[in-house]
Amino acid sequence: MEKLRGILRDFIKCLFTGSLISIGIIILIGIISLLITKFNWRQSLQVVKSTLLIIGPLGLMLGALLILKKREEKELIYIEQWKKKFNIFSYKVVLIVVSLVIVFYGGLIDWILFI
């Protein structure tokens with residue numbers, strides 16, 4: 001039961017981190033694209049959606065490559081600080097979950113655009 005709580009806690013932390021990263025990307029790219037497109041909000045939203053749907057899958061591919069890596073890994077230098085943040089998840093799992101959240105936000109914006 002305690003391990004399940006740890007998994008849920010780590011998953012919620014990943015969702016929160018992914019949401020913060022996605023909102024940061026949305027705000028930063030949104031402001032830049034609004035200035036470039038002369039405040040055309042629809043085109044700006046398209047640019048934000050495209051950016052999220054590029055960054056998210058790249059993170060997923062990186063996570064998959066890290067999991068598939070065959071050679072022996074050295075112990076992380078800051079493993080104690082990592083274990084304070086995430087009790088059960090490794091950095092590979094965190095990267096994959098955060099990337100999935102970024103893709104989710106891109107899909108949500110795509111859904112909003114085509115309503």
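## Rings, core and helices in a predicted model

In this predicted model, the count of aromatic pairs comes to 2. Tryptophan 82 and phenylalanine 86 make a tilted pair, with 5.0 Å from centre to centre and 35 degrees between the planes. Phenylalanine 104 and tyrosine 105 have ring centres 6.0 Å apart and planes at 75 degrees, so this pair is edge-to-face.

How exposed are the rings? Tryptophan 82 has 22% relative accessibility, so it counts as partly exposed. Its partner phenylalanine 86, at 9%, counts as buried. In the other pair, phenylalanine 104 counts as exposed because its relative accessibility is 54%, while Tyr105 is among the buried residues of α4. Phenylalanine 86 has a charged visitor too: lysine 13 lies over the face of its ring, 6.0 Å from the ring centre.

Phenylalanine 86 turns up again in the core. The largest nonpolar core has 14 residues, and Phe86 is one of those with the most contacts inside it, along with Cys14, Leu52, Phe89, Val94 and Ile109. At least two residues of this core come from each of α1, α2 and α4. Which helix gives the most to this core? That would be α4, with 8 residues. As a general point, nonpolar side chains in soluble globular proteins tend to be buried together.

Now for α4 itself. This helix runs over residues 91-113, and its 23 residues should span 33 Å at 1.5 Å a residue; the end C-alpha atoms are 33 Å apart, so the two values agree. Its buried residues include Val94, Val97, Val98, Val101, Ile102 and Ile109, but also Lys92, Ser99 and Gly106. The buried residues of α4 pack against α1 (2-36), α2 (41-68) and α3 (79-85). Take isoleucine 109: leaving aside neighbours within four places in sequence, it is in contact with Ile26, Leu45, Val48, Lys49 and Leu52. Of these contacts, Val48, Lys49 and Leu52 are listed as buried residues of α2.

On to α2, which has 28 residues and reaches 41 Å from its first C-alpha to its last, close to the 40 Å expected at 1.5 Å a residue. Three glycines, Gly56, Gly59 and Gly63, are among its buried residues, as are Ser44, Thr51 and Leu66. The buried residues of α2 pack against α1 and α4.

What about the loop between α1 and α2? Threonine 37 lies there, and so do lysine 38 and phenylalanine 39. Here is how they compare for accessibility.

| Loop residue | Relative accessibility | Class |
|---|---|---|
| Threonine 37 | 17% | buried |
| Lysine 38 | 72% | exposed |
| Phenylalanine 39 | 62% | exposed |

Threonine 37 counts as buried because its 17% falls under the 20% cut-off. A polar atom of the threonine 37 side chain lies 2.7 Å from the backbone oxygen of serine 33. Beyond its neighbours within four places in sequence, threonine 37 is in contact with Gln43 and Ser44. Ser44 is itself one of the buried residues of α2.

The backbone at the other two loop residues is worth a look as well. Most residues other than glycine have a negative phi. Lysine 38, however, has a positive phi near 55 degrees, and phenylalanine 39 has a positive phi near 65 degrees.

Terms used
Residues are numbered from 1 along each chain as its sequence is written. This is a predicted model: local features need pLDDT of at least 70, side-chain atom pairs count only at pLDDT 80 or more; totals for chains, interfaces and linings use all residues. Side-chain values use heavy atoms; hydrogens and water are left out. Helices (H or I, at least four residues) and strands (E, at least two) are DSSP runs, numbered from the N terminus. The expected span of a helix is 1.5 Å times one less than its number of residues. Buried means under 20% relative accessible area, exposed over 50%, partly exposed in between (1.4 Å probe, protein chains only). Contact means heavy atoms within 4.5 Å. Rings of Phe, Tyr and Trp (its six-membered ring) pair if their centres lie within 6.5 Å; planes under 30 degrees apart count as stacked, over 60 as edge-to-face and the rest as tilted. A charge sits over a ring if NZ of Lys or CZ of Arg is within 6 Å of the ring centre and within 35 degrees of the ring normal. A nonpolar core is a set of buried Ala, Val, Leu, Ile, Met, Phe, Trp, Tyr and Cys residues joined through side-chain atoms within 4.5 Å. A polar contact is a pair of N or O atoms within 3.5 Å; within protein, one must be able to donate a hydrogen and the other to accept it, and residues adjacent in sequence count only if both atoms are side-chain atoms.
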